[in-house]
Amino acid sequence: MWLSSIEINNIKSFADSKVIKLDKRMNILIGPNNAGKSVIIQALYLLQNPSILGSNDIRRGASEGKVIIGLEDIDEEQYIHTFRANEYLHKAHFRFSPSSVTRIVINQQGASLNI
């Protein structure tokens, strides 16, 4: 599996990043201070730690933030993480073609395969 793209909406400096394509081999982030380089890294880290970004990271005036991570060479098409202002409950799921499955189901499947 490799991460093929990321899209960041209403998180810190990103109102709407559009789709950022990632290369299979190497990606370099270059930009001035406060341009959003760390937000991209944090957004990718959501796959390991869903609490890395929260309601405090949502842009002022927006009601929700969303990260969509494209996956390749695996059954899942995307990992989508959505969180809302003033809510402690995060919603995260992998999207399979053509349906969606929650993170709990993914964890259960992984545990059954000793992953």
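**A colleague's note on the fold, core and salt bridges**

1. Let's start with one residue: Asp-23 is partly exposed, at a relative accessible area of 34%. Please keep in mind that this is a predicted model. The side chain of Asp-23 meets that of Arg-25 in a salt bridge, with 3.6 Å from N to O. Its partner Arg-25 is exposed, and its relative accessible area is 76%. This pair belongs to a set of three salt bridges in the structure, and the others come up below.

2. Now for the overall layout. The protein has seven strands and two helices. Reading from the N terminus, their order is β-β-β-α-β-β-β-β-α. Of the 115 residues, 35% are buried. The exposed surface comes to about 7700 Å², and carbon and sulfur atoms account for 50% of that area. If you look at contacts between residues at least 6 apart in sequence, 44% of them join residues at least 24 apart.

3. Helix α1 is a good place to look next. Which of its residues are buried? In this helix, which covers residues 37-45, they are Val-39, Ile-40 and Ala-43. Viewed down the axis of α1, these buried residues fall within an arc of 100°, so they line one face of the helix. The general reason is that an α-helix has 3.6 residues a turn, so residues three or four places apart point the same way. What do the buried residues of α1 pack against? Their partners are strands β1 (2-11), β2 (14-16), β3 (20-21) and β4 (64-72).

4. The largest nonpolar core has 14 residues, and those touching the most other members are Ile-8, Val-67 and Ile-69. Two or more residues of this core come from each of β1, α1 and β4. Val-67 is worth selecting in the viewer. Leaving out residues up to four places away in sequence, Val-67 touches Ile-6, Glu-7, Ile-11, Ala-43, Leu-46, Leu-53, Tyr-79, Ile-80 and His-81. One of these, Ala-43, is a buried residue of α1.

5. Strands β1 and β4 also meet through Ser-4 and Gly-70. Ser-4 sits in strand β1 and is buried, with a relative accessible area of 10%. Setting aside neighbours within four places in sequence, the contacts of Ser-4 are Ile-20, Lys-21, Leu-22, Gly-70, Leu-71 and Glu-72. Gly-70 belongs to strand β4 and is buried too, at 6% relative accessibility. Gly-70 and Val-19 are 51 residues apart along the chain, while their C-alpha atoms are separated by 9.2 Å.

6. Back to the salt bridges. Which side chain does Asp-57 meet in a salt bridge? The partner is Lys-12, with 3.4 Å from N to O. Asp-57 lies in the loop between α1 and β4, and Lys-12 in the loop between β1 and β2, so this pair ties together parts that are 45 residues apart in sequence. Is Asp-57 buried or exposed? Asp-57 is buried, because its relative accessible area is 13% and the cut-off for buried is under 20%. Lys-12, at 38% relative accessibility, counts as partly exposed.

7. The remaining salt bridge joins Asp-16 and Lys-18, whose closest N and O atoms are 3.2 Å apart. Asp-16 is partly exposed at 38% relative accessibility, and Lys-18 is exposed at 53%. Lys-18, found in the loop between β2 and β3, deserves a second look for its backbone: it has a positive phi of about 60° although it is not a glycine.

8. Where is Asn-34 found? This residue is in the loop between β3 and α1. Asn-34 has a positive phi of about 70°, and it is not a glycine either. Asn-34 is exposed, with a relative accessible area of 78%.

9. One last stop is the surface. Which residues make a nonpolar patch there? Met-26, Ile-28 and Ile-30 do, and the patch covers about 410 Å². Ile-28 lies in the loop between β3 and α1. With a relative accessible area of 63%, Ile-28 is exposed.

How values were computed
Residues are numbered from 1 along each chain as its sequence is written. This is a predicted model: local features need pLDDT of at least 70, side-chain atom pairs count only at pLDDT 80 or more; totals for chains, interfaces and linings use all residues. Side-chain values use heavy atoms; hydrogens and water are left out. Helices (H or I, at least four residues) and strands (E, at least two) are DSSP runs, numbered from the N terminus. Buried means under 20% relative accessible area, exposed over 50%, partly exposed in between (1.4 Å probe, protein chains only). Contact means heavy atoms within 4.5 Å. Accessible areas come from the Shrake-Rupley method with a 1.4 Å probe; for residues, only the protein chains shown count as cover. The arc is that of the directions from the helix axis to the C-beta atoms. A nonpolar core is a set of buried Ala, Val, Leu, Ile, Met, Phe, Trp, Tyr and Cys residues joined through side-chain atoms within 4.5 Å. Patches are made of residues with over 30% relative accessible area and no salt bridge: like charges are joined within 9 Å, nonpolar side chains (Val, Leu, Ile, Met, Phe, Trp, Tyr) within 5 Å. A salt bridge is a side-chain nitrogen of Lys or Arg within 4 Å of a carboxyl oxygen of Asp or Glu.
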